[in-house]
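This report concerns one protein structure, with attention to a helix and to the empty space within the fold. Please consult the sequence and the coordinates alongside the text.

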Amino acid sequence: MIFSVIVNVLVGLATSLIGGAGVWLWERGKRSRVVRRKANFFGVVPGETCVIVIGNKYNLPDATSRKDVRAIIEVATLASQLGSDVITESSNDFRGSNDARTEFCIGGPLGDANIRTGGHLAAHLPGVTLLPFSEEPESAAFVVGGHRYLFEEDTLEYTLVAKFTPAEATRPVFLICGQSSLANQAAIHYLKRHYRDVARSLDSLDRFCVLIRVPDIGTYGFQAATLERDITREAFTRA
């Protein structure tokens, strides 16, 4: 009787330990899969280095917008969570290839806010036009495939997000080009949380270009962003 009780207890303990170990291994495997998928989407390689290219405020070459700082922090946190070291470079000074480092380039080129973004657009996204700021209704609009995505400041804004690998580099550039610093922040915030949905909508994770829509800014700020559409084919094709 006593022996039977002891055996039952030992069996129960063994079952609990094996079950617990199985749950732990499953959870660990699940977390590993999540990390791999997320790293693959953003082009981050655990154990390697990412470079974040920091832009300026519009027409203020030595100042960075508070919202861009928040976007930079979001990207740095993301890279750290994926096991990557992070360094930063100023868009005023950074020249040349990103080489073996994944590059996150944050900010649009208008007003010399991020001149490196302008270079990336010209070299790799010939189907994209970003109109200059003006008094016209199409001020700062994206033009892609004959469609115009207007800039309605603090109401409805857009961010172009592209991933591509320059010929001279072995790691990709992840470009976040918003019509404003709020739009930059909104795109990063959205993609960190919904990258799986975006990934499922794409034909390839190696090279893509999407537009992120930021509506209802007066009510929800940067937190109501959604995926507008995949513009990969139009963006990488010369108009």
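Glycine 83, just after helix α2, takes a positive phi of about 85°. The model in which this value is found is a predicted one.

Helix α2 itself comprises 16 residues, 66-81. At 1.5 Å a residue, the helix should span 22 Å, and its end C-alpha atoms lie 23 Å apart, which agrees. The buried residues of α2 are Asp68, Ala71, Ile72, Glu74, Val75, Leu78 and Ala79. Because they cover an arc of only 155° around the axis, they fall on the same side of α2. Exposed residues, namely Arg66, Ser80 and Gln81, are carried by the face of α2 that is turned away from its buried side. At the start of the helix, a side-chain oxygen of serine 65 comes to within 3.2 Å of the backbone nitrogen of lysine 67.

**Pocket and cavity**

Rolling a probe the size of a water molecule over the atoms shows where empty space is left. The largest pocket and the largest cavity are set out below.

| Space | Volume | Nonpolar residues | Polar residues | Charged residues |
|---|---|---|---|---|
| Largest pocket | about 470 Å³ | 8 | 9 | 6 |
| Largest cavity | about 30 Å³ | 4 | 3 | 3 |

The space in the largest pocket amounts to about 470 Å³. Its lining consists of 23 residues, of which Tyr58, Phe133, Gln179, Ser180 and Ser181 are the closest to its centre. Helix α2 and helix α4 (181-200) each contribute at least two residues to the lining of this pocket. The largest share of that lining, 3 residues, is supplied by α4.

How many cavities of 30 Å³ or more does a search of the whole structure find? The search finds 1 cavity of that kind. The residues lining the largest cavity are Val44, Val45, Glu48, Thr49, Cys50, Ser84, Ala100, Arg101, Thr102 and Arg171.

**Threonine 102**

Threonine 102 is one of the residues that line the largest cavity, and its place is in strand β3 (residues 102-106). Is threonine 102 buried or exposed? Its relative accessible area is 2%; since buried means under 20% relative accessible area, threonine 102 is therefore classed as buried. The side chain of threonine 102 also reaches the backbone oxygen of glycine 43, at 2.5 Å.

Note on methods
Residues are numbered from 1 along each chain as its sequence is written. This is a predicted model: local features need pLDDT of at least 70, side-chain atom pairs count only at pLDDT 80 or more; totals for chains, interfaces and linings use all residues. Side-chain values use heavy atoms; hydrogens and water are left out. Helices (H or I, at least four residues) and strands (E, at least two) are DSSP runs, numbered from the N terminus. The expected span of a helix is 1.5 Å times one less than its number of residues. Buried means under 20% relative accessible area, exposed over 50%, partly exposed in between (1.4 Å probe, protein chains only). The arc is that of the directions from the helix axis to the C-beta atoms. A polar contact is a pair of N or O atoms within 3.5 Å; within protein, one must be able to donate a hydrogen and the other to accept it, and residues adjacent in sequence count only if both atoms are side-chain atoms. On a 1 Å grid over the protein atoms alone, a cavity is a set of points where a 1.4 Å probe fits but cannot get out, and a pocket is an open set with protein on both sides within 12 Å along at least five of seven lines; lining residues have an atom within 4 Å of a point. Grid points are joined across faces, edges and corners, and a volume is the space filled by probe spheres set on the points. Ala, Val, Leu, Ile, Met, Phe, Trp, Tyr, Cys and Pro count as nonpolar, Asp, Glu, Lys and Arg as charged, and the others, Gly among them, as polar.
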